[in-house]
Amino acid sequence: MISEITGEVLYDRMRRNSLLVRVDSLCYEILVPSGIASRLRQTPPDERPNPLTFYTIYYIDGGLGGGHLTPKLVGFLDPLDREFFETFTTVPGVGFAKALKCLIRPMNEIAQAIERGDARFLQELPGIGPKMAERIGMELRGKMAKFALAPS
């Protein structure tokens, strides 16, 4: 299992929700939440941090019923963010792809909204409708305190 990668981010080859990290002669594609990708992309070239450490989740994507299976890495800049993501994706209907797209706000803000039952805030996240917002609140309320108290 790959749980952490430190390497050179290839900023010129970033995509919407992924980036490449070069470690020696290997280059890893790491999927990142929309908010992280946007922040890194908006950083002025002379201020871009390198090397960077990503705290990762390794998973297999694809249909288990005989479909094409693809190994993937999801990365975060903080181990607490990785833990939040793991908890967030326990909600039925919130898979890794949906979570990566909808996490455009800092994770502590999303955790605070969940803890206070703010479905309207959650509905503002891409791909989260009224029913999904309610489900996220019901499943995760009471489990987000440590994430809600974390600094941005």
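**Briefing on valine 74, serine 18 and isoleucine 60**

In this predicted model, serine 18 counts as buried, because its relative accessible area is 6%, which falls under the 20% limit for that class. Valine 74 is likewise classed as buried, with a relative accessible area of 0%, whereas isoleucine 60 is partly exposed at 47% relative accessibility. The points below take each residue in turn.

**Serine 18**
- Serine 18 has its place in strand S2, which covers residues 18-23.
- The side chain of serine 18 forms a polar contact, at 3.3 Å, with the side chain of glutamate 29.
- When neighbours within four places in sequence are left aside, the residues in contact with serine 18 are Glu29, Ile30, Leu31 and Val32.

**Valine 74**
- Valine 74 belongs to strand S5, made up of residues 70-76.
- Apart from neighbours within four places in sequence, valine 74 is in contact with Ile30, Leu31, Tyr55, Thr56, Ile57, Tyr59, Phe85, Phe96 and Leu100.
- Between valine 74 and leucine 10, which stand 64 residues apart along the chain, the C-alpha atoms are separated by 16 Å.

**Isoleucine 60 and the nonpolar patch**
- Isoleucine 60 is part of strand S4, which runs over residues 52-61, and its relative accessibility of 47% places it in the partly exposed class, since that class lies between 20% and 50%.
- Together with Met1, Tyr58 and Leu69, isoleucine 60 makes a nonpolar surface patch of about 480 Å².

Notes. Residues numbered from 1 in each chain as written. Predicted model: local features only at pLDDT ≥ 70, side-chain atom pairs only at ≥ 80, totals over all residues. Heavy atoms only, no water. Helix = DSSP H or I, 4+ residues; strand = E, 2+ residues; numbered from the N terminus. Buried < 20%, exposed > 50% of the residue type's maximum accessible area, 1.4 Å probe, protein only. Contact = heavy atoms within 4.5 Å. Polar contact = N/O pair within 3.5 Å; in protein donor to acceptor, adjacent residues only side chain to side chain. Patch = residues over 30% accessible without salt bridge, like charges linked within 9 Å, V, L, I, M, F, W, Y side chains within 5 Å. Areas by Shrake-Rupley, 256 points an atom, 1.4 Å probe, with all protein chains shown as cover. Salt bridge = Lys/Arg side-chain N within 4 Å of Asp/Glu carboxyl O.
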